[in-house]
Amino acid sequence: MPINLKTSSFIKALNNRQELENLNTSDLKSIVDKYPYFQAARVLYLNKLKQANSFKYNKELKNTASVTRDRAILFEYITSTDFHKNIEVEVDAIDDHQTKEPKISESKTSDPSKDVVSQTEKDLEVGKPIAFTNSENYSFNQWLQLSSKKPIIRIEKKNEKVAKKEEIIEKFIQSNPKIEPLAKDKNVNISIAENQQDSMLMTETLAKVYLEQKKYENAIQAYRILSLKYPEKSGFFADQIKRIQILQKHK
């Protein structure tokens with residue numbers, strides 16, 4: 001298959017970081033569409049979307065993962081310092097237009113419920129790129145659960161310890177644990193609950209993952225756990241829960 005001009009220019013630019021950063025998103029997208037397994041083009045396109053704070057980033061991350069032989073390498077890349085560096089990003093006019101927030105009509109004929117949902121999603125930053133850290137492998141795996149495409153078949157035995165942790169935290173979320181008020185003037189025997197350690201795996205990123213996947217109950221429970229874990233931010237988490245409940249009501 002002959003290599004087109006855009007692909008040829010990209011290959012030449014691989015040896016020059018400045019030239020790579022100057023490539024525009026439409027050229028990278030056309031290369032990715034034509035050569036879906038061209039990993040170098042995919043990760044750079046992904047980087048461009050992340051730097052542009054594009055709503056396309058989250059979906060493209062899943063697409064990239066679906067054609068990546070080793071997702072551990074992809075995870076290492078998207079959590080690296082280089083990936084999060086602020087660089088000059090040339091976003092095409094059409095892409096820039098699509099990433100702008102839609103204006104809510106103030107017409108009397110507009111649907112009030114849609115306005116509420118739109119504003120709530122904006123407050124929750126639904127659709128914004130999810131920024132994983134290198135300690136959130138579990139959150140990343142949860143995010144990839146709804147990938148529409150199957151990854152390249154690769155025989156790999158998951159670390160039993162990691163698999164066990166994933167199973168425990170999922171059960172913890174589903175159990176929806178509640179904290180009962182303590183009676184006054186009673187001696188309390190403080191012991192470590194079986195699932196207490198699972199809160200260590202809970203992060204704001206994981207809560208956002210559940211929200212993006214429209215797993216609203218999981219997202220609410222995640223913020224409840226975070227509220228106990230970080231009481232200084234309990235007000236913020238309470239507001240997040242209220243917003244998610246609004247989305248639940250209008251779904």
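Trainee: Why is Glu-204 called partly exposed?

Mentor: In this predicted model, Glu-204 has a relative accessible area of 32%, and because buried means under 20% and exposed over 50%, that value falls in between and Glu-204 counts as partly exposed.

Trainee: What makes the contact between Lys-233 and Glu-204 a salt bridge?

Mentor: The side chains meet with 2.5 Å from N to O, and because the rule asks for a Lys or Arg side-chain nitrogen within 4 Å of an Asp or Glu carboxyl oxygen, the pair qualifies as a salt bridge. It links distant parts of the chain, with Lys-233 in the loop between α12 (216-229) and α13 (234-250), Glu-204 in helix α11 (residues 204-212), and the two positions 29 residues apart. Lys-233, at 30% relative accessibility, is likewise called partly exposed, because the cut-offs for that class are 20% and 50%.

Trainee: How many salt bridges does this rule give, and what makes pairing of this sort possible?

Mentor: The count comes to four salt bridges. Side chains of opposite charge can pair when their charged atoms come close.

Trainee: How do you know that Glu-60 and Arg-42 form one of them?

Mentor: Their closest N and O atoms are 2.7 Å apart, and since the limit is 4 Å, the pair is a salt bridge. Glu-60 belongs to helix α5 (residues 57-66) and Arg-42 to helix α4 (residues 39-51), 18 residues apart, so that this pair links distant parts of the chain. Both Glu-60 and Arg-42 are buried.

Trainee: Where do Glu-212 and Lys-208 lie, and are they buried or exposed?

Mentor: Both lie in helix α11, four residues apart, which is about one turn of the helix, and both are buried. Their side chains meet at 3.3 Å, N to O, and because this is within 4 Å, Glu-212 and Lys-208 also form a salt bridge.

Trainee: What makes the phi of Lys-214 worth a remark?

Mentor: Lys-214 has a positive phi of about 65 degrees although it is not a glycine. Most residues other than glycine have a negative phi. Lys-214 is found in the loop between α11 and α12, and at 55% relative accessibility it counts as exposed, because the cut-off for that class is over 50%. Asn-53, in the loop between α4 and α5, also has a positive phi, near 55 degrees, but at 39% relative accessibility Asn-53 counts as partly exposed.

Trainee: Which residues line the largest cavity?

Mentor: The lining of the largest cavity consists of Glu-121, Val-126, Leu-211, Glu-212, Lys-214, Tyr-216 and Leu-247. The volume of this cavity is about 40 Å³, and the structure holds one cavity of 30 Å³ or more.

Trainee: Which residues touch the most other members of the largest nonpolar core, and which helix gives the most to it?

Mentor: Among the 44 residues of that core, Leu-61, Ile-78, Phe-132, Phe-140 and Ile-244 touch the most other members. Helix α12 gives the most to the core, with seven residues. Leaving aside neighbours within four places in sequence, Ile-244 is in contact with Leu-124, Leu-211, Tyr-216, Ala-219, Ile-220 and Tyr-223. In α12 the buried residues include Tyr-216, Ala-219, Ile-220 and Tyr-223.

Trainee: How do you know that the span of α12 is close to the expected one?

Mentor: Helix α12 has 14 residues and reaches 20 Å from its first C-alpha to its last, close to the 20 Å expected at 1.5 Å a residue.

Trainee: Why is Ser-227 called partly exposed?

Mentor: Ser-227, which lies in helix α12, has a relative accessible area of 21%, and because buried means under 20%, Ser-227 is classed as partly exposed. Beyond its neighbours within four places in sequence, Ser-227 is in contact with Ser-234 and Phe-237. The C-alpha atoms of Ser-227 and Phe-237 are separated by 6.1 Å, although the two are 10 residues apart along the chain.

Trainee: What do the totals for the chain come to?

Mentor: The chain has 13 helices and zero strands, and buried residues make up 35% of its 251 residues. Of the contacts with a separation of 6 or more, 73% come from residues 24 or more positions apart.

Note on methods: Residues numbered from 1 in each chain as written. Predicted model: local features only at pLDDT ≥ 70, side-chain atom pairs only at ≥ 80, totals over all residues. Heavy atoms only, no water. Buried < 20%, exposed > 50% of the residue type's maximum accessible area, 1.4 Å probe, protein only. Core = buried A, V, L, I, M, F, W, Y, C linked by side-chain atoms within 4.5 Å. Contact = heavy atoms within 4.5 Å. Expected span 1.5 Å × (residues − 1). 1 Å grid on protein atoms, 1.4 Å probe; cavity = no way out; pocket = protein on both sides within 12 Å on 5 of 7 lines; lining within 4 Å. Points joined across faces, edges and corners; volume = space filled by probe spheres on them.
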